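Let's take a walk through this model together, going from charged pairs to the nonpolar interior. Have the sequence and the 3D view at hand as you read.

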Amino acid sequence: MTLQSTLFSKSRRLTVGLIALSAIATLTACKTQPTNASETTPTNIEIPTDIEIPTDIEISTDLETAEDESEPATTNKILVSETGFGNATLCTTPEELQAALPNFVVGSPGNGPLVDTQGVEITDADGNLAFYALSVVGGNRLNLFVTDNPAYQTAEGIGPGTLVETAVETYGTAELSYHSEAESREFVSFENGPAQAIAFRTGSGDAAGIYEGEGDYQTTAEYRPEATIKSIWVNDRSCL
């Protein structure tokens with residue numbers, strides 16, 4: 001074999017070898033290059049259809065209840081005591097009463113709502129009647145406060161609008177009475193009621209009580225289930 005044929009033969013083998021190496025490199029590069037996401041996303045995923053969705057989930061209402069319990073009361077209680085209504089004290093003049101109640105309006109003196117009385121109306125900032133402050137005709141001191149406003153209550157929470165039965169649970173046995181010569185005003189008193197100066201009116205005649213006898217003056221311990229206290233009175237006759 002000549003030198004030329006030998007070199008040619010070696011050159012041919014070298015060329016073939018380089019081609020082979022190039023092919024291998026190309027295949028390797030193809031394997032390492034990232035493929036498109038669409039090519040790698042499986043298309044045969046099975047979505048389960050037997051998942052059970054619970055239907056007995058209980059939603060707690062504790063938060064709502066807590067919010068309701070935290071709401072302030074809509075009516076501000078004004079204490080009824082043997083000396084008067086809140087800061088309003090018995091046996092004062094209209095001028096003194098106005099000074100004690102800067103957020104209220106004490107009206108001009110005039111005839112009271114009861115026979116042989118005179119006095120003033122006390123209204124709140126919105127013009128609503130709060131109570132009457134009265135005295136006998138010719139008196140210069142207001143010795144009787146009267147109200148049917150449910151905001152006015154005793155220390156035990158009894159006032160206008162309270163069922164007689166509820167007051168009985170608080171103060172004990174009730175006695176109802178009325179006198180025809182006193183405009184048949186019906187009142188209820190209790191075995192362990194508040195101070196004697198405080199009186200509870202239930203209406204007129206037999207509005208609340210159940211009476212069996214006849215006569216000008218009637219008393220009973222029986223009353224209707226729906227009987228309520230209509231108004232509350234506080235009286236101090238020491239200043240007359």
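A residue is called buried when its relative accessible area is under 20%, exposed when that area is over 50%, and partly exposed in between. With a relative accessible area of 29%, Arg224 is therefore partly exposed. Please keep in mind that this is a predicted model.

Arg224 is a good place to start, as it has a charged partner: it forms a salt bridge with Asp206, and the closest N and O atoms are 3.7 Å apart. Asp206 sits in the loop between β12 and β13 (217-220), while Arg224 belongs to the loop between β13 and β14, so this pair ties together parts that are 18 residues apart in sequence. Asp206 is partly exposed too, with a relative accessible area of 43%.

How many salt bridges does the model hold? The count comes to three. Another of them joins the side chains of Arg141 and Glu96, at 2.8 Å from N to O. Here the loop between β7 and β8 (144-147) supplies Arg141 and helix α4 (residues 94-100) supplies Glu96, so the bridge ties together parts that lie 45 residues apart in sequence. Arg141 is partly exposed at 27% relative accessible area, and Glu96 is partly exposed at 38%.

In the remaining pair, the side chains of Arg185 and Glu183 meet at 2.1 Å, N to O. Is Arg185 buried or exposed? Its relative accessibility of 17% counts as buried, because the cut-off is under 20%. Glu183, by contrast, is partly exposed at 41%.

Now turn to the nonpolar interior. The largest nonpolar core has 35 residues, and those touching the most other members are Phe85, Leu97, Ile122, Phe131, Phe145, Phe190 and Phe200. Two or more residues of this core come from each of β6 (117-123), β7 (129-136), α5 (164-171), β10 (174-179), β11 (185-190), β12 (198-204) and β14 (231-235). Which of these elements gives the largest share? That is α5, with four residues.

To see one of the core members up close, select Leu97. Leaving aside neighbours within four places in sequence, Leu97 is in contact with Ala88, Thr89, Thr92, Val106, Ile122, Ala133, Leu142 and Phe145. Apart from the largest core lies another, made of five residues, among them Leu134, Leu144, Val146 and Trp233.

Key:
Residues are numbered from 1 along each chain as its sequence is written. This is a predicted model: local features need pLDDT of at least 70, side-chain atom pairs count only at pLDDT 80 or more; totals for chains, interfaces and linings use all residues. Side-chain values use heavy atoms; hydrogens and water are left out. A nonpolar core is a set of buried Ala, Val, Leu, Ile, Met, Phe, Trp, Tyr and Cys residues joined through side-chain atoms within 4.5 Å. Buried means under 20% relative accessible area, exposed over 50%, partly exposed in between (1.4 Å probe, protein chains only). Contact means heavy atoms within 4.5 Å. A salt bridge is a side-chain nitrogen of Lys or Arg within 4 Å of a carboxyl oxygen of Asp or Glu.
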